[in-house]
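This report goes through selected local features of one structure, one topic at a time. The sequence and coordinates are best kept open alongside the text.

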Amino acid sequence: MGPGTAEGALQLLNLLQREGRLVDFLQQEVASFSDAQIGQAARVVHEGCRRTFLRYLEVEPVLKVAEGEATTVSEGFDPSAIKLVGNVAGGAPFRGVLRHKGWRAKAIHLPETLGEHDFRILAPAEIEL
Amino acid sequence: MSDAKYTVGIDLGTTHCALAVVNLEEGPRARSAVVRVPQLVRRGEIEARELLPSFVYYATEGEGDLGLPWDTSRRFAVGEFARERARETPGRVISSAKSWLTHTGVDRRSEMLPVGAPADIEKISPVESAWRYLDHLSEAWAFAQQKGSAPPLVEQQIVITVPASFDAAARDLTIEAAYAAGMEDVTLLEEPQAALYAWIEQNSNFRELIAPGDIVLVIDVGGGTTDFSAIAAVENEGKLELHRIAVGEHILLGGDNMDLALAHRVGEKLKAEGHKLDRQQTAALAHACRGAKERILSDDSIMSEPVALAARGSQLVGGTVQGELTRDDVEQLILDGFFPRVAADAVPLERARAGLRQMGLPYAEDAAVTKHLAKFLRLQAGAGEKLLGREGGTLNGLLHAKSVLFNGGVLKSARVRERLLATLNDWLGADGAQPVTALPGADPDLAVARGAAYFGLVRRGRGLMVRGGTARAYYVGIESPAPAVPGMAPPTIAVCVAPFGLDEGSPPEVLPQELGVIVGEAVEFRFFGSTVRRDDVTGNELEDWSDDELVELSPIAVTFAAEGRDAGDFVPVRLRASITPVGTLLLEALPLEPRVPGECFKVELSVRKDKADE
């Protein structure tokens with residue numbers, strides 16, 4: 001799956017909408033609603049999206065260290081995986097405090113699709129008979 | 001036939017099917033392994049999952065094909081997608097086909113499912129539904145094995161599990177579905193035995209955990225059914241042997257009922273707050289309650305869980321209705337409602353037997369699993385006598401279980417297991433007897449499939465085989481020869497045709513009493529089963545019986561082809577009963593005066609309705 005491949009992204013959005021109503025949530029203007037109302041919806045979204053996450057993605061921290069702990073970054077680190085902020089000077093090794101452990105997608109297993117599949121449909125319109 | 005490389009275990013469950021294999025060529029290293037089943041999980045999307053939900057969905061016109069990689073123009077779907085659609089379009093989906101297989105009040109081969117379906121759907125019978133699931137498993141196997149190109153599933157040694165409470169007709173129909181799916185080497189295995197085999201496979205030290213004289217009680221509470229079985233351990237010539245000594249009746253009561261009870265409670269609370277729920281939302285509520293229930297039951301510190309009902313439209317925020325499930329709700333409704341701590345003499349409410357002709361599924365009248373358990377232990381108190389000696393295995397008028405094996409999704413909850421054990425210990429501990437121990441079980445969702453696959457190794461000497469012939473004695477209804485009273489039907493006598501425990505290796509039993517058959521016509525006889533009467537031998541006659549002793553099953557039918565005889569002639573026959581290697585009851589009618597030596601006719605166990613009658 002190369003950069004800019006819309007299909008995988010759209011499929012994942014479809015799954016997150018189906019299980020967790022994520023697109024409904026993001027599409028809605030929430031400014032006028034109370035915290036309680038947003039909270040109730042957030043529970044639904046969280047429960048469903050989390051389930052989808054666990055089923056189709058394996059996500060792990062970039063650094064398996066507790067946030068707030070001191071840690072050392074050695075030479076040859078991947079700058080897209082580890083971001084240095086604050087008083088950055090000189091060269092590796094750098095010693096600092098972990099503020100965010102980062103996330104890496106270890107694996108993604110999207111379901112296989114068959115035949116003609118319109119990935120742009122994130123959610124079908126539903127008509128009750 | 002024995003070149004089969006695999007033994008395949010198939011759990012044809014009420015809510016889910018599962019598939020496991022054992023590679024026979026691996027010898028001592030062989031272990032059961034679950035096979036994930038590719039299925040349609042969403043329109044156009046296929047995934048391989050451990051469980052195949054037992055649902056069949058029919059596409060509407062214009063819906064397009066529900067294609068699979070191996071059949072792109074399919075018009076129906078089996079599995080997860082079908083289950084989703086069952087919630088959305090219940091009229092187009094077949095579910096609980098297995099429960100219909102046990103229903104003696106309907107013609108199980110008639111095309112009746114889905115019940116109440118719209119006219120554009122071609123209905124199928126419960127037997128054909130079972131065939132559909134087996135077919136799907138075959139196709140999925142072939143698809144998954146493509147890389148290894150293993151020979152087809154239907155050519156392997158196949159073990160299909162059935163509830164111990166399945167009567168002879170339901171077993172026959174299951175085999176019929178298997179043969180229809182192209183399977184040849186098929187054996188039936190009772191689910192509690194399969195669960196015990198899975199346990200034996202996981203626990204190589206099982207001989208230290210089950211001693212001669214012990215009785216293992218298997219309690220299986222799944223999504224739709226509750227089943228009890230008892231297996232006794234004895235010592236024979238210095239060796240440990242296991243015998244299945246008792247089974248209970250099939251009880252349509254399970255986890256789905258519990259979720260509905262919770263949904264009802266939360267629904268009431270929401271109604272009191274002014275929210276009205278439509279049918280879709282009530283169904284969604286049961287689903288939401290299940291999750292909340294599991295969280296409460298798994299963590300004592302949780303006092304309540306929110307239960308959110310999402311809006312049906314796209315306005316999620318502000319459209320979501322939130323209810324609450326409290327610990328009290330769960331403990332009251334689930335623990336006290338379904339597993340109350342009742343006394344050992346508790347009797348479950350039973351609806352009056354409405355006769356054989358019942359249209360809907362016969363759901364249990366009493367939701368208390370513990371009451372059904374008490375009844376089972378009372379009725380089966382003498383089950384261990386023959387094997388364990390006089391009074392063996394009985395305590396205070398109850399079957400004395402030493403250990404318990406739990407199976408089924410509902411019993412994943414530690415709180416439910418604790419409650420069952422506590423109740424059992426109340427009953428059995430009255431005389432200072434030791435508390436029952438729970439055998440650490442395998443994964444309740446997959447144990448039965450694994451155990452069925454492992455059975456392939458048991459047959460070759462691994463572990464220990466569980467013996468036991470039929471779990472029921474069977475009886476044929478004959479009109480009493482007493483003088484007839486005008487205007488009154490002559491009373492029926494029940495004659496034992498297959499005694500309790502009739503085994504595959506036993507010589508066939510021939511009924512001394514003669515029955516009359518008319519050439520060219522299907523002659524029906526009433527048919528009964530008993531899980532309690534163990535001492536009747538073939539030919540014993542009963543004039544009277546209680547509902548607990550004899551349960552009426554579907555009538556049996558004998559049809560004599562006319563060849564060599566005149567249509568309409570009256571022919572006296574004797575019935576012969578035996579157990580086939582497959583695990584089904586074979587009843588045959590032998591004419592007293594055979595035209596050729598060995599002439600016999602098969603007796604139909606589940607009466608097939610004549611097309612002409614419809």
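Burial is judged here by relative accessible area, with buried meaning under 20%, exposed over 50%, and partly exposed in between. The coordinates come from a predicted model, and every value below is computed from them.

## The β15–β16 hairpin region of chain B

Strand β15 of chain B, residues 304–309, has two faces that differ in covering: Glu305(B), Val307(B) and Leu309(B) make up the covered face, while Ser304(B), Pro306(B) and Ala308(B) make up the uncovered one. Its partner is strand β16 of chain B, residues 321–326, and the two run antiparallel, with 6 bridges between them. Within this pairing, Ser304(B), a residue of the uncovered face, is placed opposite Thr326(B) of β16(B).

The loop between β15 and β16 of chain B contains Val317(B), whose relative accessibility is 1% and which therefore counts as buried. Leaving aside residues up to four places away in sequence, Val317(B) is in contact with Phe25(A), Gln28(A), Val30(A), Phe33(A), Gln37(A), Ile38(A) and Ala41(A).

## A sheet shared by the two chains

An open sheet of 3 strands is built from both chains in the order β5(A)-β5(B)-β4(B), and its pairing is antiparallel. Its edges are β5 of chain A, residues 112–113, and β4 of chain B, residues 37–42; each has a single partner strand, so that one side of each is without a neighbour in the sheet. Helix α1 of chain B, residues 80–88, packs on this sheet through contacts with β4 and β5 of chain B, and its direction makes an angle of about 35° with that of β4(B). A further helix, α3 of chain B, residues 126–144, lies across β4 and β5 of chain B and runs at about 105° to β4(B).

The link between the chains in this sheet is the antiparallel pairing of β5(A) with strand β5 of chain B, residues 45–49, which extends over 2 bridges. On the chain A side Thr113(A) is found opposite Glu45(B), which belongs to β5(B).

## The mixed sheet of chain B

Chain B also contributes an open sheet of 6 strands, ordered β20-β19-β12-β13-β14-β21, in which the pairing is mixed. The strands at its edges, each paired on one side only, are β20 (437–439) and β21 (466–467) of chain B. Helix α10 of chain B, residues 369–379, packs on the sheet and touches β12 (215–221), β13 (226–236) and β14 of chain B, with its direction at about 35° to that of β13(B).

At one edge, β14(B) and β21(B) are paired in the parallel sense over 2 bridges, and Leu242(B) has Val466(B) of β21(B) as its bridge partner. The loop between β13 and β14 of chain B holds Glu237(B), a residue that is not a glycine yet has a positive phi of about 50°. With a relative accessibility of 79%, Glu237(B) counts as exposed.

## His250(B) and its surroundings

His250(B) is located in the loop that connects β14 (239–247) with α7 (255–272) of chain B. Its relative accessible area is 19%, which makes it buried, since the limit for that class is under 20%. The side chains of His250(B) and Ser165(B) are joined by a polar contact of 2.8 Å. Apart from residues up to four places away in sequence, His250(B) touches Ser165(B) together with Thr102(B), Pro163(B), Thr225(B), Thr226(B) and Asp227(B).

## Enclosed space

How many cavities of 30 Å³ or more does the structure hold? There are 2 of them, and the largest encloses about 100 Å³ of space. Its lining consists of 15 residues, among which Leu12(B), Gly13(B), Lys98(B), Leu101(B) and Ala130(B) lie nearest the centre. At least two lining residues come from each of α2 (97–101), α3 and β10 (157–162) of chain B.

## Backbone details

Two cis peptide bonds deserve a check in the coordinates. The bond from Ala92(A) to Pro93(A) is cis with omega near 0°, and Pro93(A) belongs to the loop between β2 (70–73) and β3 (94–97) of chain A. In chain B the bond from Leu113(B) to Pro114(B) is cis with omega near -5°, and Pro114(B) is in the loop between α2 and α3.

Arg21(A), although not a glycine, has a positive phi of about 55°. The residue is found in the loop between α1 (6–20) and α2 (22–27) of chain A, and at 15% relative accessibility Arg21(A) counts as buried.

Notes. Residues are numbered from 1 along each chain as its sequence is written. Chains are lettered from A and ligands numbered from 1 in the order in which they are written. This is a predicted model: local features need pLDDT of at least 70, side-chain atom pairs count only at pLDDT 80 or more; totals for chains, interfaces and linings use all residues. Side-chain values use heavy atoms; hydrogens and water are left out. Helices (H or I, at least four residues) and strands (E, at least two) are DSSP runs, numbered from the N terminus. Buried means under 20% relative accessible area, exposed over 50%, partly exposed in between (1.4 Å probe, protein chains only). A polar contact is a pair of N or O atoms within 3.5 Å; within protein, one must be able to donate a hydrogen and the other to accept it, and residues adjacent in sequence count only if both atoms are side-chain atoms. Contact means heavy atoms within 4.5 Å. Two strands pair if DSSP finds at least two bridges between them. Axes are lines fitted to C-alpha atoms, for helices over the stretch in contact, and angles run from 0 to 180 degrees between N-to-C directions. On a 1 Å grid over the protein atoms alone, a cavity is a set of points where a 1.4 Å probe fits but cannot get out, and a pocket is an open set with protein on both sides within 12 Å along at least five of seven lines; lining residues have an atom within 4 Å of a point. Grid points are joined across faces, edges and corners, and a volume is the space filled by probe spheres set on the points.
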